[in-house]
Amino acid sequence: MTEGSKSKATHREDFVPPQTEDVFLDNAALDNVMSTVIALGSEFWALQKRMNVMETLLEENGSVSKEMVEAYRPTEEQSAAWEEQRDRFINRVYGFLQNTGTDSKTAG
Amino acid sequence: MIDRRTLFGTTAAVASAFTSFFGSRKAAAAVTSKSLPNDIEPRGTYTEGRLERLPEMDMESRLEFTQGFRNWSLRNFGRKSSSRVNELVREAGFVTSPSPPIDDVLAAIGDDLTVWTSVRCKTTAQQIMWNNLVDGFNANKDAYLAELDAADASGPGTLELNADLDIPDYTKHEIHIQPGGYIGDPLGGYVYHYGVNVFTLDLSSEDVFHRDLAQIIPVPEDGKMERFLDIGTGVAQLPMAVKERFPETDVWGIDVGAPMLRYGHMRAAENGLDINLSQRMAEDTGFEDNSFDVVTAYILFHEVPTEETKKILAEVRRILRPGGVFFPVDFRTYTQTRPSASGRFNQWWDHVHNNEVWTEEYRASDFIQLMADAGLVVNEDAPTLQKRFWNSVMATKPV
């Protein structure tokens, strides 16, 4: 918080956090490992997206800088293609989580 | 948000068009001197500029992943899990629609791995969404707070904050497990706005849902629409949309959460929308009797205990003028629809693990009857915006 900012007075410290533990599996460690694996997926996708942008910029310009990557705006076609790439990644990697012994063992 | 990045190459023409369209936002931006890294709008699929680009590409990419993972969790794995819930409930000897009591559903599910793994996925999607947003906005916290400070006094529109407002305990929960909830994080408005777009599967990006809703808000029979109020307005998406439909109307929004209102005011001002936002309680608005033509409440009541709902409805009746319209939008109660076993299980998750503290109480109430008890006349034939999870209802104050 910036000292002297008006923002200082506009929020309160007495909010109430959730009272329920979110342990759904055999033990908390298993839940935590699953959450970590899912969170890593978001970090992976951030890297993948950066790679996509860099490849595009290199093809278009022959050079790339951090500023160019941050400023890049994908076309509608690129957005659609990258969204499909993301969804295939999610299905391919996390589809295994559906294999719980109640039906087929095929990912996705 | 302000201080956009310089665009490159082929994107420049598009940026120019948006710069022209949102000229008023540029003017508002000039009031501050702070600089955010990589702050630019619009980006990606956000084509109308109402939801600005996040400050860092990685933050935006993580949110895109979360959106995709949530879609998969709900629509792919979620469907399989829902089928499994219904299958287990049937095996336990119950019909699945309408659902048996939740305790029976939970007993039937037991420790089924499909169901609980799916729940783990859905819950973690929510957690990583907030973690990403809180981390990303706080990485530039001073700049965002300076942006809000500068916007507080900017216009068009006004912002009234009340640091001495006596905030009741029921409003202090971290609804949707958003860290700090609506009152505890000075950047809560930013965090909420981007998070709720993911949670609603992109329904409210660019205020699309709010704009659709604004188009069907009924005008009182006499056609008079001089003053409008949205209670529990959050980041003021609905008042913004209402102002666009009724530019001559004096538009107000009130909420308990100052961080939400500050962000909403900044956004309205940047969009050139002259609306008035004020930190007040819906139970005790402080407005004069008979002073509004239309009052709305967008997904407010499922966040409110029933006893407080009664007070709010009485207050709505007080401040509406005779013939004025009340138009709330919210989840359907059990008197309006009865969920299947899997639907009931999802509602239970929302209540217990998504920290929708008051939703169960709301769903168990007869909201239509509560409006009637407050002296409002319900018109169930009025236009309504039907969505999968919620719908709108119209009531009027008798002449």
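Visitor: What is the relative accessible area of E307(B)?
Guide: The relative accessible area of E307(B) is 48%, which means that the residue counts as partly exposed (buried is under 20%, exposed over 50% and partly exposed in between, with a 1.4 Å probe and protein chains only). This is a predicted model, in which local features need pLDDT of at least 70 and side-chain atom pairs count only at pLDDT 80 or more, while totals for chains, interfaces and linings use all residues. Residues are numbered from 1 along each chain as its sequence is written, chains are lettered from A and ligands numbered from 1 in the order in which they are written, and side-chain values use heavy atoms, with hydrogens and water left out.

Visitor: And which element holds E307(B), and what does its side chain touch?
Guide: E307(B) sits in helix 11 of chain B, residues 306-319, and its side chain makes a polar contact with the side chain of K310(B) at 3.1 Å. Helices (H or I, at least four residues) and strands (E, at least two) are DSSP runs numbered from the N terminus. A polar contact is a pair of N or O atoms within 3.5 Å; within protein, one must be able to donate a hydrogen and the other to accept it, and residues adjacent in sequence count only if both atoms are side-chain atoms.

Visitor: Switching to empty space, how many cavities of 30 Å³ or more are there?
Guide: The structure holds four of that volume or more. On a 1 Å grid over the protein atoms alone, a cavity is a set of points where a 1.4 Å probe fits but cannot get out, and lining residues have an atom within 4 Å of a point.

Visitor: What about the second largest, where does its lining come from?
Guide: The second largest cavity has about 60 Å³ of space, and strand 6 (320-331), helix 14 (367-373) and strand 8 (390-392) of chain B each supply at least two lining residues. Strand 6 gives the most, with four.

Visitor: Which residues are in that lining, for instance?
Guide: Among them are P328(B), D330(B), Y362(B) and N391(B).

Visitor: What is the nearest side chain of opposite charge to D330(B)?
Guide: That is R363(B), 7.4 Å away, and D330(B) is buried yet has no salt bridge (a side-chain nitrogen of Lys or Arg within 4 Å of a carboxyl oxygen of Asp or Glu). The side chain of D330(B) does reach the backbone nitrogen of F301(B) at 2.8 Å, and it also contacts the side chain of H302(B), at 2.8 Å.

Visitor: Last thing, what is chain A made of?
Guide: Chain A has three helices and zero strands, and buried residues make up 34% of its 108 residues.

Note on methods:
1 Å grid on protein atoms, 1.4 Å probe; cavity = no way out; pocket = protein on both sides within 12 Å on 5 of 7 lines; lining within 4 Å. Points joined across faces, edges and corners; volume = space filled by probe spheres on them. Lys, Arg positive; Asp, Glu negative; His and termini not counted.
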